[in-house]
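The following exercises concern surface patches, aromatic pairs and salt bridges. Each task is followed by a worked solution.

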Amino acid sequence: MLGYGWAGLFRTYLVDSPYMWWPQNLVQVSLFRALHEREKRPKGGHTRLQFFLLVFISSFAYYTIPAYLFPSITAISVVCLIWKKSITAQQIGSGLKGLGVGSFGFDWSTVAGFLGSPLATPGFAIINILVGFFIFVYIINPVAYWSNWYDAKKFPIFSSHTFDKTGQPYNISRILNEKTFDLDQEAYDSYSKLYVSVFFAFCYGVSFATLTATISHVALFHGKSILELWKRTVSSQVGDNKPQDVHTRLMKKNYAEVPQWWFHITLVLTFALSVFACEGFGKQLQLPWWGLLLACGIAFFFTLPIGIIQATTNMQPGLNVITELVIGYIYPGRPLANVSFKTYGYISMTQALMFLGDFKLGHYMKIPPKSMFLVQLVGTIIGSSVYFGTAWWLLSTVDHICDTSMLADGSPWTCPGDDVFYSASIIWGVVGPLRMFTKQGNYPEMNWFFLIGFLAPVPVWLLSRQFPNQKWIKLINMPIIIGATGNMPPARSVNFITWGAVGIFFNFYVYRRYKGWWARHNYILSAALDAGVAFMAVLLYFTLQSKDIFGPTWWGLDSDDHCPLAKCPTAPGIQVKGCPVIS
């Protein structure tokens, strides 16, 4: 609901502007048109609705294979099947726990599960992301690991977990006060500094760079237009003078705009409730009122620049790290305060961008803005209540949920996203950035990424000014390149490889060779594949998996790429369960 307030403040810039086109919405627009518009079937072909139903049924039926009968098909790592006893080979070849060379999957959830549909992502954004992925995963990470930076060989080459100085999983219970749930400094000093894999450390460095690159990029490439729009808004001349496309003109002509005070009231009421949630209930969330105010300030500041990038590239650079960093420095040793601050600062911003994207969808579909507001408001309240109840129910009924060492083979409850969230609460909340990214910790050099990110868009901007006729230069988006691996983890190499392959095939080859087919069917194909997977996943859970009935026991039932050695350290003398000890 806080996101609703931020969305209302930035509608003029991110919805009404014809330059903010929100690529993901084109999938929904194509689906709605296929479902609702009457269409005559072309001779020898199908209507768009018939095409949607054919793909939906096929996707629905096929998903039983990767989701239930043959989960291993989601990530096939050829190198691991050849070199079954080599740690290095499996580190290179594993698509889930390594670099993913030669890894692929036959599952739409592998393709679109973490990065969204590649069919809805512009071709230039796909290239930017793949360039960033290649640089980070195939150049920076291997050089850092095999050069043993930060004792990298003591830990896996790809991991989001935390470790102690001996290479063992970090025992958090040894450094937490059981009563106050904050850091026991004496216990921490006598135990070990916190270590992470070199990959995870550079993930945070890249996150720092993405943040400053976003600010720099938007200021250089969009600062002038933002300033102009703001001036016109203040002078009440926006409606007459700003660039308007046909959608904006029709919406302004036919429908009354949502009064701005609706958003202001929503924002004020929700902020008041948030203060009550933080200060009440015995202050269990650990976050004081001033922390909430600071989190809201961060969300307010970054909604516009990150919204511009998402509205034009379909990619969203994350604020999660900067929120964790800020509260970690100001209020260290309190894990619940850290994740609460992250929720109010980062997640409220992502919700705002979701609302803005929905407003743009209503813009395209000519839905009255007031109707959109009310439907979103009611849907948000119902949805959040259902999500909360479902989460509580699952935590209460699923044994060993999220504990991969205790779950049965084929269990879907591995929680990769929550696993990363938990590690982040330890790094930023319990130990804190002061003991991680300064001389007190192991990774002070990561702070240089702030400067690297800030300067990175400058050469591209200078080139675009020097060669204004070379339009491809403006397609180089440094925040996207730098932040390409922002979803890693929980996303893995195989997700990027398959996502990129599908995206390049449809948005370059099919688009250029069969442009008519692409224009008619591309976005409907994306929606149908998503829908088929979603419906089958729900059906499998309620009919079989909720009753602990999993697929037949065989080699392919593991939700794994059969690269067990990829998670092993390569430093001499480090003992890890399931791994050979290197002498």
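**Exercise 1.** Determine which residues form the nonpolar patch on the surface and how much accessible area they have together.

*Solution.* Step 1: the patch consists of Tyr62, Val78, Leu81, Ile82, Trp83, Phe104, Phe106, Trp554 and Trp555, with about 890 Å² of accessible area together. Step 2: patch members have over 30% relative accessible area and no salt bridge, with nonpolar side chains (Val, Leu, Ile, Met, Phe, Trp, Tyr) joined within 5 Å and like charges within 9 Å. Areas follow the Shrake-Rupley method with a 1.4 Å probe, and for residues only the protein chains shown count as cover. Step 3: helix H6 (residues 78-82) supplies the largest share, 3 residues; helices (H or I, at least four residues) and strands (E, at least two) are DSSP runs numbered from the N terminus. Step 4: Trp555 lies in the segment after helix H25 (515-543) and is partly exposed because its relative accessibility is 47%. Here buried means under 20% relative accessible area, exposed over 50%, and partly exposed in between (1.4 Å probe, protein chains only).

The model is predicted: local features need pLDDT of at least 70, side-chain atom pairs count only at pLDDT 80 or more, and totals for chains, interfaces and linings use all residues. Residues are numbered from 1 along each chain as its sequence is written, and side-chain values use heavy atoms, leaving out hydrogens and water.

**Exercise 2.** Count the aromatic pairs and classify the one formed by Phe104 and Phe106.

*Solution.* Step 1: rings of Phe, Tyr and Trp (its six-membered ring) pair if their centres lie within 6.5 Å; planes under 30 degrees apart are stacked, over 60 edge-to-face, and the rest tilted. Step 2: this rule gives 50 aromatic pairs. Step 3: Phe104 and Phe106 are 5.4 Å apart, centre to centre, with 75 degrees between the planes, an edge-to-face pair. Step 4: Phe106 is partly exposed, at 44% relative accessibility.

**Exercise 3.** Explain which parts of the chain the salt bridge of Lys97 and Asp560 ties together.

*Solution.* Step 1: a salt bridge requires a side-chain nitrogen of Lys or Arg within 4 Å of a carboxyl oxygen of Asp or Glu, and the structure holds 5 of them. Step 2: the side chains of Lys97 and Asp560 meet at 2.8 Å, N to O. Step 3: Lys97 lies in the loop between helix H7 (87-93) and strand E2 (103-104), and Asp560 in the segment after H25, so the bridge ties together parts 463 residues apart in sequence. Step 4: Lys97 is buried, at 15% relative accessible area, whereas Asp560 is partly exposed, at 24%. Step 5: Lys97, Asp560 and Asp561 are linked in a network of salt bridges.
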